[in-house]
Every structure is written in structure tokens, then in C-alpha cells.
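Please find below my notes on this model, set out as numbered points for a reader at the bench.

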Amino acid sequence: MNSESHDLRHDIAFLRALAEGGEHDRGAQRGTGEAYVAAGTLYGLQCLAMSGSAFGFGELSTTATIVVSVVPTVLFLIALVMIYVRHPEPAPGVVSRALTAAFGATGAATLTLLCVFVIAVWRDRSIETWMLYPCAVFSLQGAAWLVAWALRRRAWLRWVACGWLVSAVALAASIGSPWYPLIAAVALLLLMAAPGAYMLRQQTD
């Protein structure tokens with residue numbers, strides 16, 4: 001009887017930790033927030049520059065195209081190293097471990113899809129095949145944010161998840177049009193950079 005009561009109290013404490021989070025969990029997502037701000041801002045601005053060219057507001061030179069294509073990734077990799085140095089280990093909270101696992105799995109799946117699409121593009125020589133890669137990445141982001149919403153039950157997490165899923169479909173529908181980079185830019189800034197900044201703000205409240 002005592003063992004059953006202990007197990008019941010343990011289960012209740014676990015569920016409460018998932019629903020509310022603890023001191024460790026409230027500060028554990030800072031690294032994720034910083035990474036989202038960096039990625040959303042850098043790649044969002046990259047897509048904005050490309051959308052300007054696509055809508056005829058100025059053709060990018062060869063040098064400018066190389067800079068726009070390469071610099072954001074270089075800066076993001078530098079940012080990731082700096083973030084890892086500041087936050088080398090995740091906090092031990094229950095929600096923190098669950099969310100870190102969800103977003104970590106999403107990152108691994110994204111890298112795997114990158115390899116898959118590179119192989120497909122190399123084999124088929126089709127630019128439209130490559131254009132589907134961001135659509136798949138947006139879908140994975142939507143899935144990760146749905147997991148976050150299921151764990152924390154915060155309304156804003158659900159809306160971010162829905163935004164990613166809708167953006168994935170809109171992006172696929174706009175392949176071949178000037179709207180493609182603009183939709184990608186808006187999604188990255190509103191659904192990645194902005195939520196990342198909100199996550200950071202929560203840590204200071």
C-alpha cells in the first residue's frame with residue numbers, strides 16, 4: 001500500500017512538472033531561443049533579399065548572390081558555437097529534457113532530409129525538387145512545436161505550430177513564383193525569430 005501511494009505521488013509530481021515546469025525548466029530554453037533568433041533572423045533576411053530580386057526590385061550581382069547565399073550559414077554556425085559554449089549542458093528539468101529531445105530530433109531529421117534532397121537533386125537535376133526541401137523542414141518545425149504545445153499547453157505554441165504547417169503548404173503552392181522566397185522570409189521571421197525572442201524574454205520575466 002505504501003509503495004502504491006509512493007508511486008502515485010511520484011506520477012502526480014511528474015505530471016505537474018510537465019504542466020507547470022520548474023525553476024530549471026523556466027531557464028533551460030535560453031539556448032534554444034538564441035538559436036531560433038539567430039536562424040530566423042539570418043535566413044529570414046536572406047530570403048527577403050532574394051524576394052526583392054524575384055519581384056524585380058534590383059538584380060543581385062554574382063558577388064552579392066554568393067554573399068547572400070553563404071554568409072548567413074557561416075554566421076549561423078558561429079552563433080551555434082557561441083551558444084553551445086554558453087549553454088554546454090541542458091538543465092535537468094523534466095520539460096527541458098522533453099523539449100530538448102523533440103527539437104534535437106527535429107534537427108537530426110532536418111539534416112537527414114538535407115542529404116536525401118541533395119542526392120535527389122544531383123540525380124534528377126531538378127531545381128523544383130530542391131524547392132521542396134524547405135517545405136519539408138517547415139513541416140518538421142510544425143511537428144516539433146506541436147510536441148512543445150502538447151507538453152506545455154500554451155496557446156502561443158499551438159499557433160506557432162499551425163503557422164509552420166500552413167507555411168509549408170503555402171510554400172509548396174508557390175514554387176516557381178516570386179512569392180516563394182517572400183513566404184519563406186515571413187515564416188522564418190514570424191515563426192522562428194519572433195518565438196525565439198519571446199522565449200528569451202520569458203527567461204528575464
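The points that follow go from the basis of the model to its overall make-up, its core, one helix and one charged pair.

1. Basis. This is a predicted model, in which local features need pLDDT of at least 70 and side-chain atom pairs count only at pLDDT 80 or more, while totals for chains, interfaces and linings use all residues. Residues are numbered from 1 along each chain as its sequence is written, and side-chain values use heavy atoms, with hydrogens and water left out.

2. Overall make-up. The protein holds eight helices and zero strands, where helices (H or I, at least four residues) and strands (E, at least two) are DSSP runs numbered from the N terminus. Of its 205 residues, 34% count as buried, which is to say under 20% relative accessible area, with exposed set at over 50% and partly exposed in between (1.4 Å probe, protein chains only). Among contacts (heavy atoms within 4.5 Å) with a separation of 6 or more, 74% are between residues 24 or more positions apart.

3. The core. The largest nonpolar core, meaning a set of buried Ala, Val, Leu, Ile, Met, Phe, Trp, Tyr and Cys residues joined through side-chain atoms within 4.5 Å, has 28 residues, of which Phe103, Phe138, Trp145, Trp164, Leu171, Leu188 and Met192 touch the most other members. At least two residues of this core come from each of α3 (30-54), α4 (62-86), α5 (94-124), α6 (127-152), α7 (155-173) and α8 (179-204), and the largest share, eight residues, is supplied by α8. Leaving aside residues up to four places away in sequence, Leu171 touches Pro134, Cys135, Phe138, Tyr180, Ile183 and Ala184.

4. The two sides of α7. The buried residues of this helix are Leu157, Val160, Ala161, Gly163, Trp164, Ser167, Ala168 and Leu171. Seen down the axis of α7, they fall within an arc of 155°, so they line one face of the helix; the arc is that of the directions from the helix axis to the C-beta atoms. The face turned away from the buried side of α7 carries the exposed residues Trp159, Val166, Val169 and Ala173.

5. The charged pair. The structure holds one salt bridge, defined as a side-chain nitrogen of Lys or Arg within 4 Å of a carboxyl oxygen of Asp or Glu. The side chains of Arg123 and Asp124 meet in this way (3.4 Å, N to O). Arg123 counts as exposed at 60% relative accessibility, whereas Asp124, at 43%, counts as partly exposed.
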